[in-house]
Amino acid sequence: MIFSPPTKNPENNLHSVLYKIGECQDCDALNATRRARIELLPQKDIVRRHHYLGGRYENLYVAFESIPEIRVILDLATAQAAHILIRPKKDLRVGWWLNIMCPGDITFVHTHDEEDEILSGVYYIDVPPDSGKLVLIDGERREEICPRAGMFIFFAPEIPHEVTRNESGRSRISVGFNFGPATTP
């Protein structure tokens, strides 16, 4: 698996960096397997739903055993989070969830700084054309990112963000994650 490490967004002298982008360059086959498994996911495998907004649950927490292929993504994300945060991987824990945006869905403005999160991110499994942009908000500044399958985006948990309407005819599938300090025994 080839992974391009996160790079900074284009910056200038006026604005700080809001996000970093990484990419899994050869994940097409694995993403197809993940997408197929998620599309056939029985309701009983969704162990928790959270953030009921706009008529849908934005976060779907799934039993890990239901999507074992997710381990590769979580391992890559954790390695990159350790690099960004300049911390050993063993000092981080990751929480993750699925986000399935059906045609017409949007994700409302929110942050991820509810507990002890120190980095947030998203990995895109399936991104049909016109299925929504990730919008990061810093005061009056709004940065729109047009995601693509295989892309990782990392950002600070306190940055407000939203996803524009899925105008495609298919669902967009992504994995959200938060990193926090590993708990000590």
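## Phe-152 and Phe-154

Both Phe-152 and Phe-154 are buried in this predicted model. For Phe-152 the relative accessibility is 0%, and the residue therefore counts as buried, the cut-off being under 20% relative accessible area. The ring centres of Phe-152 and Phe-154 lie 5.9 Å apart with the planes at 5 degrees, so this pair is stacked; planes under 30 degrees apart count as stacked.

## Aromatic pairs and cluster

The structure holds 5 aromatic pairs. One of them joins Tyr-123 and Phe-152, with 4.6 Å from centre to centre and 50 degrees between the planes, a tilted arrangement. Tyr-123 belongs to strand S7 (residues 119-126) and Phe-152 to strand S10 (residues 151-155), so the pair ties together parts that are 29 residues apart in sequence. Tyr-123 has a relative accessible area of 0% and is buried.

Which residues form one aromatic cluster? The members are Tyr-123, Phe-152, Phe-154, Phe-177 and Phe-179. Within this cluster, Tyr-123 and Phe-152 form the tilted pair, while Phe-152 and Phe-154 form a stacked one.

## The largest pocket

The volume of the largest pocket is about 510 Å³. Its lining is made up of 32 residues, and those closest to the pocket centre are Asn-59, Tyr-61, Trp-97, His-112 and Asn-178. By residue class, the lining of the largest pocket divides into 14 polar, 10 nonpolar and 8 charged residues.

Several strands contribute to this lining. At least two residues each come from strand S3 (46-53), S4, strand S5 (92-101), strand S6 (107-110), S7, strand S11 (161-163) and strand S12 (172-181). Which element gives the largest share of the lining? The answer is S12, with 6 residues. S7, one of the contributing strands, is also the strand that holds Tyr-123 of the tilted pair.

## Ser-66

Ser-66 sits in a loop, between strand S4 (56-62) and helix H2 (70-85). The preceding strand, S4, is among those that supply at least two residues to the lining of the largest pocket.

Is Ser-66 buried or exposed? Ser-66 has a relative accessible area of 12% and is therefore buried, given that buried means under 20%. Leaving out residues up to four places away in sequence, Ser-66 touches Arg-37, Leu-41 and Asp-45.

Technical notes. Residues numbered from 1 in each chain as written. Predicted model: local features only at pLDDT ≥ 70, side-chain atom pairs only at ≥ 80, totals over all residues. Heavy atoms only, no water. Helix = DSSP H or I, 4+ residues; strand = E, 2+ residues; numbered from the N terminus. Buried < 20%, exposed > 50% of the residue type's maximum accessible area, 1.4 Å probe, protein only. Contact = heavy atoms within 4.5 Å. Phe/Tyr/Trp six-rings, centres within 6.5 Å; stacked < 30°, edge-to-face > 60°. 1 Å grid on protein atoms, 1.4 Å probe; cavity = no way out; pocket = protein on both sides within 12 Å on 5 of 7 lines; lining within 4 Å. Points joined across faces, edges and corners; volume = space filled by probe spheres on them. Nonpolar A, V, L, I, M, F, W, Y, C, P; charged D, E, K, R; others polar.
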